[in-house]
Amino acid sequence: MAIQDEFKQALSTWASGVAVVTTADQGLLYGLTVSSFTSVSLDPPLVLVCLATSNRMPAMITSAQRFAVSILGRDQEEASSYFAISGREPTAEFVEVEGDWTPGGMPVVQGAIAWLECELYETLTHGDHSIVVGEVVAARATEAPSPLIYYRRAYRGVTD
Ligand SMILES: Cc1cc2nc3c(=O)[nH]c(=O)nc-3n(C[C@H](O)[C@H](O)[C@H](O)COP(=O)(O)O)c2cc1C
């Protein structure tokens, strides 16, 4: 088995939440489903996402200098699938999925269980992905209890 296949098989056992990274650059909105979201630092408050350099999102974030992260709930599989469709173009408004706005004017996914608005802090490129680090300038969480989970290439919910 090629090392990339071994890598994917091993990483598929890492259960994660599902988030959508969004940005608005020159009036055009774009979003991308990610599992590679994590917190980095509390002071300053930093988070990161790893984004394929083949996707337009890292360049859009570099241009916009801002992005947001929406953490999806168990009932948002459709939003996750939509923002994972290959080859979508940026649009003036979200299509298929309802959007909201952060105080700083970043689009987020309506109904997300939490969102974070970030200013671009640093971008590091390693291999075929860019590690995009953002400083969190605003964040909200809802009372919605149930996150969407991605594990072994399938959507799941949390059960105790
Ligand atoms: C659950 C899930 C998690 C994903 N996580 C990431 C991620 O962390 N980073 C990334 O670049 N792409 C991730 N993707 C893939 C992108 O959402 C998208 O499908 C891919 O970039 C294809 O679009 P493109 O061909 O326009 O680049 C994920 C997809 C799914 C369904």
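This passage walks through a small sheet, some backbone features and the salt bridges of a predicted model.

A good place to start is the open sheet, in which three strands follow the order S1-S11-S12 with antiparallel pairing. Its edges are formed by strand S1 (16-17) and strand S12 (154-156), each of which pairs on one side only. Strand S11 covers residues 149-151 and is joined to S12 by three bridges, the two running antiparallel. Within this pairing, Ile149 has Arg156 of S12 as its bridge partner. As a general point, strands of a sheet pair through backbone hydrogen bonds, in either a parallel or an antiparallel manner.

Several loops carry backbone geometry that deserves a look. The peptide bond leading from Asp43 to Pro44 is cis, and its omega is near 5°. Pro44 sits in the loop that connects strand S4 (38-41) with strand S5 (46-52). Turning to phi, Gln65 has a positive value near 65° although the residue is not glycine. Gln65 is found in the loop between helix H2 (57-64) and strand S6 (66-71), and its relative accessible area of 43% makes the residue partly exposed. Glu96 is another residue other than glycine with a positive phi, here near 75°. The loop that holds Glu96 runs between helix H3 (77-82) and strand S7 (99-101). Glu96 counts as exposed because its relative accessibility is 71%, and the cut-off for that class is over 50%.

The side chains add a further layer, with four salt bridges in the structure. In one of them, Glu117 meets Arg66, and the closest N and O atoms are 2.4 Å apart. Glu117 belongs to strand S9 (residues 114-126) and Arg66 to strand S6, so this pair ties together parts lying 51 residues apart in sequence. How buried or exposed are the two partners? Glu117 is buried, at 2% relative accessibility, whereas Arg66 is partly exposed, with a relative accessible area of 22%.

Arg66 also forms a salt bridge with Glu119, at 3.0 Å from N to O. Here too the pair links distant parts of the chain, with Glu119 in strand S9 and Arg66 in strand S6, 53 residues apart. Glu119 counts as partly exposed at 33% relative accessibility.

Another salt bridge brings together the side chains of Glu77 and Arg74, again at 3.0 Å from N to O. Glu77 is partly exposed at 32% relative accessibility, and Arg74 is likewise partly exposed at 32%. As for shared partners, salt bridges join Arg66, Glu117 and Glu119 into one network.

Definitions and conventions
Residues are numbered from 1 along each chain as its sequence is written. This is a predicted model: local features need pLDDT of at least 70, side-chain atom pairs count only at pLDDT 80 or more; totals for chains, interfaces and linings use all residues. Side-chain values use heavy atoms; hydrogens and water are left out. Two strands pair if DSSP finds at least two bridges between them. Helices (H or I, at least four residues) and strands (E, at least two) are DSSP runs, numbered from the N terminus. Buried means under 20% relative accessible area, exposed over 50%, partly exposed in between (1.4 Å probe, protein chains only).
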